[in-house]
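Reader: Hello! I'd love a close look at a single part of this protein, with its surroundings and its side-chain contacts laid out step by step. Could you walk me through it?

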Amino acid sequence: MGKTLMHEVAGVVAAPVERVERLVLAVRPGPVGRDNAWLLSSTGGTVEGGPGRFTLRATGHTMTVEVTGRTFAAQGGWWYRGEYAVEPHPEGALLTHRVFNVASRGRWAVPAANRFFIGFGGKTRDGFAEGLQRIGRELGCPVRLL
């Protein structure tokens with residue numbers, strides 16, 4: 001699969017990397033929620049498949065979810081793939097979110113199409129910052145956007 005990085009943002013979670021992994025990397029068949037595909041809990045839906053590759057079925061859309069090593073990826077639509085990587089950091093855990101263009105056809109059109117969505121990078125950063133705050137609340141620890 002070819003993929004082109006479109007945007008990257010990161011933050012620090014002041015919790016042991018294992019706690020962050022248990023929260024953001026836990027995916028199994030069943031309903032999405034607090035203990036399953038937590039990063040997508042606002043989406044709702046049901047997870048099928050596994051162990052490393054799943055299908056999330058939610059109202060109005062379907063996406064592929066993959067968990068490999070310390071990375072959680074969600075892919076859907078004709079071009080979008082979002083990856084969250086958890087790595088050790090001196091303050092706890094570093095969480096990095098990368099948005100990739102994975103279009104198999106019309107790859108060239110994705111950047112042009114995204115110009116219509118003025119502020120794509122800023123919106124991605126703001127959404128990540130909100131998610132980082134949610135992680136901090138869930139784990140009861142400070143977080144810091146980089």
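Author: Happy to; what follows starts with the whole chain and then closes in on strands S6 and S7.

Please keep in mind that this is a predicted model. The protein has three helices and nine strands, and from the N terminus on these elements run β-α-β-β-β-β-β-β-β-α-α-β. Of the 146 residues, 43% are buried. Among contacts with a separation of 6 or more, 51% are between residues 24 or more positions apart. The protein exposes about 7,800 Å², and carbon and sulfur atoms supply 55% of that area.

Let's come in by way of helix H1, residues 17-24, whose buried residues are Val17, Val20, Glu21, Leu23 and Val24. Viewed down the axis of H1, these residues fall within an arc of 165 degrees, so they line one face of the helix. Their packing partners are strand S1 (4-13), strand S6 (71-76), strand S7 (80-89), strand S8 (92-101) and helix H3 (120-139).

Next comes the nonpolar interior. In soluble globular proteins, nonpolar side chains tend to be buried together. Here the largest nonpolar core has 32 residues, and Val13 and Phe72 touch the most other members. Two or more residues of this core come from each of S1, H1, strand S4 (53-58), strand S5 (61-68), S6, S7, S8 and H3. Beyond its neighbours within four places in sequence, Phe72 is in contact with Val24, Leu25, Val27, Leu39, Leu40, Val65, Glu66, Val67, Gly82, Glu83 and Tyr84.

Thr71 belongs to strand S6. With a relative accessible area of 22%, Thr71 is partly exposed, because the cut-off for buried is under 20%. Leaving out residues up to four places away in sequence, Thr71 touches Leu25, Glu66, Glu83, Tyr84 and Ala85. Thr71 and Glu83 are twelve residues apart in sequence, while their C-alpha atoms are 6.6 Å apart in space.

Glu83 also leads us to Arg81, through a polar contact of 2.7 Å between the two side chains. Arg81 lies in strand S7. Its relative accessible area is 7%, so Arg81 counts as buried by that same cut-off of under 20%. The side chain of Arg81 makes another polar contact, at 2.8 Å, with the side chain of Gln75.

To gather the threads: Glu83 is in contact with Phe72, is touched by Thr71, and is joined to Arg81 by a side-chain polar contact.

Technical notes:
Residues are numbered from 1 along each chain as its sequence is written. This is a predicted model: local features need pLDDT of at least 70, side-chain atom pairs count only at pLDDT 80 or more; totals for chains, interfaces and linings use all residues. Side-chain values use heavy atoms; hydrogens and water are left out. Helices (H or I, at least four residues) and strands (E, at least two) are DSSP runs, numbered from the N terminus. Buried means under 20% relative accessible area, exposed over 50%, partly exposed in between (1.4 Å probe, protein chains only). Contact means heavy atoms within 4.5 Å. Accessible areas come from the Shrake-Rupley method with a 1.4 Å probe; for residues, only the protein chains shown count as cover. The arc is that of the directions from the helix axis to the C-beta atoms. A nonpolar core is a set of buried Ala, Val, Leu, Ile, Met, Phe, Trp, Tyr and Cys residues joined through side-chain atoms within 4.5 Å. A polar contact is a pair of N or O atoms within 3.5 Å; within protein, one must be able to donate a hydrogen and the other to accept it, and residues adjacent in sequence count only if both atoms are side-chain atoms.
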